[in-house]
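Welcome! Take a moment to look over the model below, and then we can walk through it together.

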Amino acid sequence: MQMKGLAGCVAGFMSHLAMPGLTHRPPIRILRSNFGRRASGRNHPVKSIRAAPAGVGPQSWGTRVTIEKMKAADPRRFAMANALRVLAMDAVEAAQSGHPGMPMGMADVATVLFDNHLKFDPAAPDWPDRDRFVLSAGHGSMLLYGLLHLTGYGDMTLDQIKNFRQLGSRTAGHPEYGHAKGIETTTGPLGQGLANAVGMAMAEQSMAARFGRKVVDHRTYVIVGDGCLMEGISQEAITLAGRQRLSKLIVLWDDNGISIDGKLSLSDATDQLTRFTSAGWEVRAVDGHDVAEIDAALTWAKGNGKPTLIACKTHIGLGAPTKQDTAKAHGAPLGADEIAGARAAYGWAHGPFEIPEAIRADWRATAARGAAARVQWQVWLGKLSNTKQSEFARVVAGAAPKKLAGAIRALKRQISAEQPKVATRKASETALAAINPVMPETIGGSADLTGSNNTLTPGLGTFDVDSRGGRYVYYGIREHAMAAAMNGMALHGGVAPYGGTFLCFTDYARGAMRLSALMGQRVVYVMTHDSIGLGEDGPTHQPVEHLAMLRATPNINVFRPADAVETAEAWEIALTSRAPSVLALTRQGLPTVRTKHTNRNLTARGAYVLAEADHKRRAILLATGSEVAIAMEAKALLEARGLGARVVSMPCWELFAAQDEAYRRKVLPVGAVRVGIEAAVRQGWDRWLMGERGTEKKAGFIGMESFGASAPVGDLYRHFGITAEAVAEKALALM
Ligand SMILES: Cc1ncc(C[n+]2csc(CCOP(=O)(O)OP(=O)(O)O)c2C)c(N)n1
Ligand SMILES: [Mg+2]
């Protein structure tokens, strides 16, 4: 395995590392020879080698290269990188906010990556076989914007750079997916980009298995900072990537020893190289300002049979006279003096936002590299059968297959006829068993709760190192990385990810779920055990506030289906949606309440009249999921007394809120008292009970006001007063 890497090394590099192929044992020695310190060397500096390099600033931070040497070694790339540095300084200064230090430190690494390794074509930013470049350290957004601008992405004009961080510009404070082509994912919450990249690399492998290496063969590169690697999600992400041997994933760590509070040593002493090695990665440390060394490391990384970490030792704010190597370069404008000093250090004699034509031409030449590869790719694509080509186009566009609607309809008809009493988690499995065969782009998985989430259907096969065509991912107990990886898969395109855990552990995935919503990605969260209805596992596992939290999140559809029919409908919507979906599913069995088949997807309206009042309407009982059956029982109790009660099933509030006023008025007319029933907290319910023409005097709620308890499900529902009798009494009291 080492020989491959060695072959890729240039001779110059060999002189820096005693044994370049010896990447993970012992990392300490490599680092000693390279930087004169341990991997976690902030604790163990070897003083003789840590003298400040002349010309690059006041503090020592073991890179060997000086600005003079950088200039001499590779004037072209030095100038290209300086263009990135000054754009970052100038844009942050103009906005009077932003993060100049990281782009200034990582400009050399980014230049080498784009100049000699990244497969991209700014003329076709959506080219499916492009390499993916993720800036996980999203605060360094100006590095990405500078790269996109200089390489000629149409969206990233100089005006956009000048309007950095202003309302309506594409150049938001942190890179936002959808703002400009070339921004592959939204980053800023540290660590997310790294975990997205793991998902992208998995999607690439899955697509390659399906469509062949000729048309799917690209890498995923990520720039991470110290912050990304400190975040817990990084541990989940790197161990998942290591286990899956995602050899086309290459992480470039901005190893600058600084974070916001100051020196990283204040808060961290991790030996990152050992950490990654133990997770199954190849690792190498380089001087992040030595372009030849970076270049060689990237060449080596591309030949590795494992994911690769390249630790790039850099100077944050390179060239800033007093702020380099300090937290002052991290997240504030440098100020006129520092900017002038840095310009002088680079020998950059041009005004703000001014890039000399020769340097622009070099960047354009770099960008032109990808065109030939893309043309070749087009030829290979054209050699696929017509069917394969249209299937490729369909999945890349994220369009659901034509057969999906029919499969769901047939399933609904069958359920309404058979009227099973099943848990909705089981109903979800049944739905997936109908969906997965007609939708070959689905990639399922679970965070070690496969048997509980019911996410595995027959014939999917395991996605693994030697079976990339498998469509089921054993994510392990890594909820956060699972969610973020699914974001990465959805962003990559060509696959439709879904993954399961308990609804309660939404908390553990929340950071990434929020980004699914922010980015509008088709990710389906299969969240089972959705209430006290899970029973004996008790309050640690019983969500009460999670539905409210999810519903408070914009742009995410929260489904709580009442039976197997609604579950099938929810799946259909989730898979044809441009937003993420949460399916909150029960552990306990539920009767079929949709006993009369209709082809129409009633769940798509968000709420609908499930059962009309038999007597004159006096009450409207609104419920979701497992409590719809309780509402139906309560209706029977009220009707027995001659009091008409309508039952409204509300599987998805978001979709109901999006209906027109007339429809909402039809479902929730004035007059009758309203009782909401949901085994969760009341928060959010008042819109349906007191808003929408309801009134406080005529509104009540039956649900949870506290955490749950450990007991059999029937006992819990009685204990917490979520019963048909309680609902009927509440309605009566309000009448
Ligand atoms: C999840 C998360 N927590 C906190 C922050 C705020 N934050 C932004 S950058 C940063 C420091 C990151 O340090 P490092 O990655 O080393 O960046 P550098 O200072 O080297 O550019 C912090 C704490 C964030 N963006 N995301
Ligand atoms: Mg740092």
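On a 1 Å grid over the protein atoms alone, a cavity is a set of points where a 1.4 Å probe fits but cannot get out, and its lining residues have an atom within 4 Å of a point. Grid points are joined across faces, edges and corners, and a volume is the space filled by probe spheres set on the points. This is a predicted model, in which local features need pLDDT of at least 70, side-chain atom pairs count only at pLDDT 80 or more, and totals for chains, interfaces and linings use all residues. Residues are numbered from 1 along each chain as its sequence is written.

How many cavities of 30 Å³ or more does a search of the whole structure find? There are 3, and the largest has a volume of about 80 Å³. Among the residues lining the largest cavity are Phe114, Leu118, Arg130, Tyr153 and Glu184.

Now turn to helix α18, residues 424-438. Helices here are DSSP runs (H or I, at least four residues) and strands likewise (E, at least two), numbered from the N terminus. Its buried residues (under 20% relative accessible area, 1.4 Å probe, protein chains only; exposed is over 50%, partly exposed in between) include Ala427, Leu432 and Ile435. The buried residues of α18 pack against several elements, including α17 (403-418) and β10 (496-502), where contact means heavy atoms within 4.5 Å.

Finally, two loop residues. Most residues other than glycine have a negative phi. Gln419, in the loop between α17 and α18, has a positive phi near 45°, and His529 has one near 60°. Gln419 is partly exposed at 41% relative accessibility, whereas His529 is buried at 4%.

Terms used. Chains lettered and ligands numbered in written order. Heavy atoms only, no water. 1 Å grid on protein atoms, 1.4 Å probe; cavity = no way out; pocket = protein on both sides within 12 Å on 5 of 7 lines; lining within 4 Å. Expected span 1.5 Å × (residues − 1).
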